[in-house]
Amino acid sequence: MKSLLIPIIVAFALMMAGCHQAASETAEDAVAAIQASADKSSDARAEAMIAAAMADYEVAATAAYGRYGVDEEKCDAFEGADKRDCIIAADIALSVARAEAVERRNAILVQAEPR
C-alpha cells in the first residue's frame, strides 16, 4: 500500500506544480489580452474623435461661408463707403467664424492624441 501511495503523491504534486504554472501563465495572458483590448478601444476612441472633429469643422466652415454669402448679398443694398464697410465686416465675420472652427477642431485633435 505504501509503495502505491508514494507514486500517487508524487504524481499529484507534479500535477499541482503544472497547474500552478499554467494558472500563472493564464493570468499573464489575461492581463496581456486586457491591455491589448484597452489599446484597441483607446485607438478606436481617438479615431472617432478625430473623425468627429474634422466633420464638425467642415460643417462650421460651410456654415460660415453660407453666412458670408448672405452677408455679401446684404452688402449689395449699399453703395460707396457703406458697401465697402459692409463687405469688410462680412470678411471679418467669416475670418472669425473660420478661426473659431479651427480652434475647436484643433482642441479636439489634441485631446485625441495618444498620451
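**Two helices and a disulfide**

Hi everyone, let's start at the sulfurs: cysteine 75 and cysteine 86 form a disulfide, with their sulfur atoms 2.0 Å apart. This pair links distant parts of the chain, since cysteine 75 is in helix H1 and cysteine 86 is in helix H2, 11 residues apart. Please keep in mind that this is a predicted model.

For anyone who likes the chemistry spelled out, a disulfide is a covalent bond between the sulfur atoms of two cysteines. Here the link of cysteine 75 and cysteine 86 is left-handed, with -80° about the S-S bond. How many disulfides does a search of the whole structure find? One, and you have just met it.

Are these two cysteines buried or exposed? Cysteine 75 has 1% relative accessibility, so it counts as buried. Cysteine 86 comes in at 18%, and because the cut-off for buried is under 20%, cysteine 86 counts as buried as well.

Now let's step back to the fold. The protein chain has two helices and zero strands. Helix H1 covers residues 2-75, and helix H2 covers residues 80-112. Of the 115 residues in the chain, 13% count as buried. If you take the contacts between residues at least 6 apart in sequence, 71% of them join residues at least 24 apart.

A quick stop at valine 70, which is found in helix H1. Its relative accessibility is 46%, which means that valine 70 counts as partly exposed. Valine 70 and alanine 90 are 20 residues apart along the chain, and their C-alpha atoms are separated by 9.2 Å.

My last residue is arginine 105, over in helix H2. Which residues does arginine 105 contact, leaving aside its neighbours within four places in sequence? They are Ala53, Met54 and Tyr57. With tyrosine 57 there is a nice detail: the charged end of arginine 105 sits over the tyrosine ring, 4.6 Å from its centre.

Arginine 105 is buried, yet it has no salt bridge. The nearest side chain of opposite charge belongs to glutamate 58, and it is 6.4 Å away. A salt bridge needs a nitrogen-to-oxygen distance within 4 Å, so glutamate 58 does not make one with arginine 105.

And if you were hoping for ring-on-ring pairs, the structure holds zero aromatic pairs.

So, to recap: one disulfide in the whole structure, two helices and zero strands, and a buried arginine 105 with its charged end over the ring of tyrosine 57. Thanks for listening!

Conventions. Residues are numbered from 1 along each chain as its sequence is written. This is a predicted model: local features need pLDDT of at least 70, side-chain atom pairs count only at pLDDT 80 or more; totals for chains, interfaces and linings use all residues. Side-chain values use heavy atoms; hydrogens and water are left out. Helices (H or I, at least four residues) and strands (E, at least two) are DSSP runs, numbered from the N terminus. Buried means under 20% relative accessible area, exposed over 50%, partly exposed in between (1.4 Å probe, protein chains only). Rings of Phe, Tyr and Trp (its six-membered ring) pair if their centres lie within 6.5 Å; planes under 30 degrees apart count as stacked, over 60 as edge-to-face and the rest as tilted. A charge sits over a ring if NZ of Lys or CZ of Arg is within 6 Å of the ring centre and within 35 degrees of the ring normal. Lys and Arg count as positive and Asp and Glu as negative; His and the chain ends are not counted. Contact means heavy atoms within 4.5 Å. A disulfide is a pair of cysteine sulfur atoms within 2.5 Å.
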